[in-house]
Amino acid sequence: MVCQRFLILLIFIVMPTKPSLYQKLNQSLPKLFFLLILFCSHCAFRPSGNLGHYNSYFPHENLPNPIPKGKIRATFLGTTSILLDDGETQIITDAFFSRPSLWKTAFSKIESDPSTVQSVITKAKIDRLRAIFVCHSHYDHVMDAPLVAKQTKAKLFGSSSTLNVGLGGDLSPNQMEKFQPGKPVQIGKFTITVLESKHTPPFRIFGKTNATDPNHPNIESPLSQPIKATDYIEGGTFDFFIQHGKNKILIKSSTNFVEGALDKIQVDVLFLGIAQLSLQPVSFQDTFYKQTVQTTKPKLLIPIHWDNFFKPLSEPLEPNLQLGDDFESNMKYILKQTEKDKVEVQLLQGFETIDLF
Ligand SMILES: [Zn+2]
């Protein structure tokens, strides 16, 4: 709507008003071109949806403290960072908290911000963290994991690429463990099984793509910050199947799937990455939904990786930018499908918590 108003304003600014129309129009062309670019950027850097439309999907609850016995509490910390806490043990995925600005990410080297990371650790009450599981080694997942591991003494679990980010962050090899997909890992009462998965299909912005170079699929040596965002190579993508007593959770960060990989898995709660879902062909969207939600049959689905991670966590989360996503259409698709399948959907704001069981 705002974009439309902006466009009308531009037309008024550049419209010739006197009879010598063609001459005027000719003079106006450079101005028109400039304003058109301004208009396009104005729209591209706006959130791709309005959270106000989804108010009823946020729990807006004040949960009791300490966590009641038998409950598992999840706290959403933006992108695909999810803190799980059973009152005794905490585990987290990714732990990406620094969230450098778009400008900084695009034009300079980036690094973890210790004071931001510490403030998130304090605000989210991360004080019993035992393990960090990193879903892949792009910067918006792995960048802060070594620092969070250092500050909390938690163990870092990841691919060989993630462990190279850990080594570059001076993390001791004793504090790291390489993923062994399919082999369960016990952390307190949590049993985590790492599953091979697939990254969201690559995209291109301003001529740059995030596709993995097949000749360099991994981070091969210790990666020290500060470093360019593009130096964080994917290094494989993984899902996390988490069991706690009789309760089952799947955390799936990327919007993609390995055909049949979840066939033997059913869960109570599915954290589902929805970034760029509606930008894919309809056939992809349908197969993705079938291979994830319809296969694992969750009672509750919590969309993740929907927020603009160029904004700090200290501010309310906003949907991804129009530049690379369409939150409104992603949610429309998910809500339409889950309504048919009678799956409950909940969204979480930054630092918002929910008792899953
Ligand atoms: Zn990625």
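Here are some notes on the sheet in this predicted model, with strand β2 as the main thread.

1. The overall layout is a good place to start. The model has an open sheet of 7 strands with mixed pairing, in the order β6-β5-β4-β3-β2-β1-β16. At its edges sit β6 (176-178) and β16 (353-355), each of which pairs on one side only. From one strand to the next, the twist averages 20°.

2. Now to the β1 side of β2. Strand β1 (residues 73-76) and strand β2 (residues 82-85) run antiparallel and are joined by 4 bridges. One pair to look at is phenylalanine 76 with its bridge partner in β2, isoleucine 82. The two strands make a hairpin with 5 residues between them, and in the turn glycine 78 has a positive phi of about 80°.

3. On to β3. Strand β3 (residues 90-93) pairs with β2 in the antiparallel sense, over 3 bridges. Here leucine 84 has isoleucine 91 as its bridge partner in β3. This is a hairpin too, with 4 residues between the strands; glycine 87 in its turn has a positive phi of about 95°.

4. Which residues of β2 are buried on each side? Ile82 and Leu84 are buried on one side, while Leu83 and Asp85 are buried on the other, so to speak a strand with both faces covered. I would draw your eye to Asp85 in that list.

5. Isoleucine 82 deserves its own point. Leaving aside neighbours within four places in sequence, its contacts are Ala74, Phe76, Ile92, Thr93, Ile251, Phe271 and Ile304. Among these, Phe76 is also the β1 residue bridged to isoleucine 82.

6. The core ties in nicely. In the largest nonpolar core there are 75 residues, and Ile82, Ile132 and Ala145 are those with the most contacts inside it. As background, nonpolar side chains tend to be buried together in soluble globular proteins.

7. Finally, two helices on the sheet. Helix α6 (residues 145-152) lies across β4 (129-133) and β5 (155-158), and runs at about 170° to β4. Helix α7 (residues 160-168) lies across β5 and β6, at about 160° to β6.

Technical notes
Residues are numbered from 1 along each chain as its sequence is written. This is a predicted model: local features need pLDDT of at least 70, side-chain atom pairs count only at pLDDT 80 or more; totals for chains, interfaces and linings use all residues. Two strands pair if DSSP finds at least two bridges between them. Axes are lines fitted to C-alpha atoms, for helices over the stretch in contact, and angles run from 0 to 180 degrees between N-to-C directions. Two residues are in contact if their C-beta atoms, placed from the backbone, lie within 7 Å. A residue is buried if 20 or more other C-beta atoms lie within 10 Å of its own, exposed if 12 or fewer, and partly exposed in between; C-beta atoms are placed from the backbone. A nonpolar core is a set of buried Ala, Val, Leu, Ile, Met, Phe, Trp, Tyr and Cys residues joined through C-beta atoms within 7 Å.
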